[in-house]
Amino acid sequence: MFCNLRRAPRSFIKVLEVSHRTIMTTELQTKFDKIFGRIDALKPVFIERLGQAIEIPAVSGDETMRPHVVKKAHFLVEQLAKIGFSDIQLKHLGVQPPPVQNPDLQLPPVVLSRFGNDPAKKTVLVYGHYDVQPAALEDGWSSEPFKMVVDEKQQLMRGRGTTDDTGPLTGWLNIVQAHKEAGIELPVNLITCFEGMEESGSLGLDGLIAREAQGYFKGVDAVCISDNYWLGTKKPVLTYGLRGVNYYETTIEGPAADLHSGIFGGVVAEPLVDLVQVLSSLVDSKGKILIDGVNEMVAPVTDKERKLYENIDFSLDDLNASTGSKTALYEKKEDILMHRWRYPSLSIHGLEGAFSSAGAKTVIPAKVHGKFSIRTVPDMDSAKLTKLVKEHCDRVFAKLSSPNTCSTELVHDGDYWISDPHNASFTAAAKATKVVYGVEPDFTREGGSIPITLTFQDELKCNVLLLPMGRGDDGAHSINEKLDISNFIGGMKVMSAYLHYYAESAEN
Ligand SMILES: [Zn+2]
């Protein structure tokens with residue numbers, strides 16, 4: 001057979017290839033029709049499942065709510081078993097490290113499970129988190145946050161966790177059910193990794209991923225995280241980059257105790273006066289970082305990258321709407337997005353130790369801390385950045401010839417993440433988006449950080465795709481969090497089609 005093909009004229013092979021592709025496409029289309037039809041038909045079941053999950057107030061940041069977080073893990077185990085996932089395991093992560101009220105507080109378990117274990121298929125690990133942000137009716141919700149409301153008129157589901165991240169998480173369960181009921185084989189082996197501590201720093205997850213890299217996660221070809229959002233409300237996106245963050249604290253210390261300015265003002269060197277000068281030397285009012293050597297570390301914009309910005313559905317008005325003001329530093333879409341996503345920024349967050357209440361207290365604070373952070377991007381090096389920041393602060397302080405002392409420390413750092421938006425995983429997800437929504441997705445980055453993305457990439461040595469389900473106005477972490485039903489249904493169709501296109505792709 002192969003010999004025949006090799007001897008066949010070139011044009012014949014071409015025809016064969018084309019017709020082969022056409023057949024595949026038609027075959028896929030038939031599969032999609034069946035799966036998508038099933039997803040539509042199962043809509044009430046999927047909404048019901050989400051509603052049940054939302055009723056469990058799995059707030060990871062509140063120690064007293066921990067039993068609910070654990071209960072939600074068990075709910076997921078039950079659902080996974082019902083749908084036919086196998087090897088379901090609750091991975092315990094031990095006690096929560098300090099600071100905690102209860103020193104014996106156990107971290108919520110990570111829920112691992114598989115669907116399929118065929119060595120001939122690719123293996124995709126899907127990540128989601130089942131814990132949620134706190135929420136209470138008194139915060140201004142229009143309905144009980146832990147009782148999901150289906151708003152038929154607006155065609156959306158409201159409740160804490162609908163979009164962040166319980167909705168997308170249950171999406172993975174639902175699409176397996178849809179495949180089974182449609183009689184379509186899942187094209188990949190699926191592994192779920194659902195954590196219950198994401199809203200509280202993903203404590204314990206790094207270690208678990210490292211431990212399971214050659215265990216439960218052995219053979220994973222790609223990771224898909226569905227825990228971010230479209231940039232706006234209309235156009236689907238795929239996300240290929242996140243900024244990192246280095247957080248610093250500068251402490252200036254002088255007198256042994258706070259002093260009265262009527263007695264000591266003008267005769268002692270004031271720490272807060274020094275600190276204000278150090279802080280003001282870091283960044284100018286146009287957002288330009290003034291620390292020598294920082295901007296030089298930033299990777300230049302390539303033409304290919306610039307092209308990705310051209311079609312993105314975003315405008316100055318969107319920015320103004322989300323800040324509720326006209327305080328933008330840039331007018332052009334490209335400038336705004338690049339400064340949000342691919343350039344570093346320095347923000348001054350606050351002062352500790354300084355007088356900050358109402359009134360007119362005449363104190364000279366004895367010891368003050370200035371807090372600031374730098375959002376980092378390729379190719380900035382965290383250790384090098386910290387060295388530059390410390391040297392800068394020391395240099396500026398030295399120029400003040402102050403008898404006070406000044407020190408700058410790194411509080412925490414998390415690296416940036418960047419992927420190739422043209423790799424097999426992104427290409428598959430782009431095709432899937434086109435099939436479901438009829439448009440090419442925008443390729444976006446985010447200004448914030450999801451540190452676990454990088455952990456998966458480094459530990460499992462594979463590509464990570466960020467595949468959002470919800471919209472930019474879903475109100476994750478805010479009041480009246482919602483997920484549009486069209487995004488829920490469309491998102492599950494994209495997840496399904498993504499797995500099929502990825503399974504077909506030649507490389508990993
Ligand atoms: Zn989330």
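**Close-up views of a predicted model**

**View 1. Four strands form an open sheet.** In this predicted model, four strands make up an open sheet in the order β11-β13-β9-β14, and their pairing is antiparallel. Look for the edges at β11 (345-352) and β14 (405-414), since each of these strands pairs on one side only. Going from one strand to the next, the twist averages 20°. It helps to recall that strands of a sheet pair through backbone hydrogen bonds, either parallel or antiparallel.

**View 2. Strand β11 meets strand β13, and a helix lies across the sheet.** How many bridges join β11 to β13? There are seven, and the two strands run antiparallel, with β13 covering residues 367-376. To find your way along this pair, start at Ile 348, whose bridge partner in β13 is Phe 372. Now find helix α8 (residues 271-280), which lies across β9 (244-253), β11, β13 and β14. Helix α8 runs at about 10° to β13.

**View 3. Strand β2 pairs with β1 and with β6.** Strand β1 (residues 86-91) pairs with β2 in the antiparallel sense over four bridges. Here Gln 89 stands opposite Leu 112 of β2. Strand β6 (residues 189-195) also pairs with β2 in the antiparallel sense, over five bridges. In that pairing, Val 111 stands opposite Phe 194 of β6. Is β2 mostly covered or mostly open? Strand β2 (residues 110-115) is mostly covered, with five of its six residues buried. As a reminder, in a regular strand the side chains alternate between the two faces of the sheet.

**View 4. Helix α14 has a buried face.** Within helix α14 (residues 451-460), the residues Ile 452, Thr 453, Thr 455, Phe 456 and Leu 460 are buried. Why do they line one face of the helix? Seen down the axis of α14, the buried residues fall within an arc of 165°, so one face of the helix is lined by them. An α-helix has 3.6 residues a turn, so residues three or four places apart point the same way. The cover over these buried residues includes α6 (205-212), β7 (222-225), β8 (237-242), β15 (417-418) and β17 (463-466). Just after α14 comes Lys 461, which takes a positive phi of about 50°.

**View 5. Two domains touch.** The domain assignment gives domain 1 (18-242 + 417-504) and domain 2 (244-299 + 342-414). Taken over C-alpha atoms, their centres are 39 Å apart. Five residues of domain 1 and six residues of domain 2 take part in the contact. On the domain 1 side, the touching residues are two nonpolar, two polar and one charged.

Conventions
Residues numbered from 1 in each chain as written. Predicted model: local features only at pLDDT ≥ 70, side-chain atom pairs only at ≥ 80, totals over all residues. Domains from an automatic or database assignment. Contact = placed C-beta atoms within 7 Å. Nonpolar A, V, L, I, M, F, W, Y, C, P; charged D, E, K, R; others polar. Buried ≥ 20, exposed ≤ 12 C-beta atoms within 10 Å, placed from the backbone. Pairing = 2+ DSSP bridges. Axes fitted to C-alpha atoms, helices over the stretch in contact; angles between N-to-C directions. Arc of directions from axis to C-beta.
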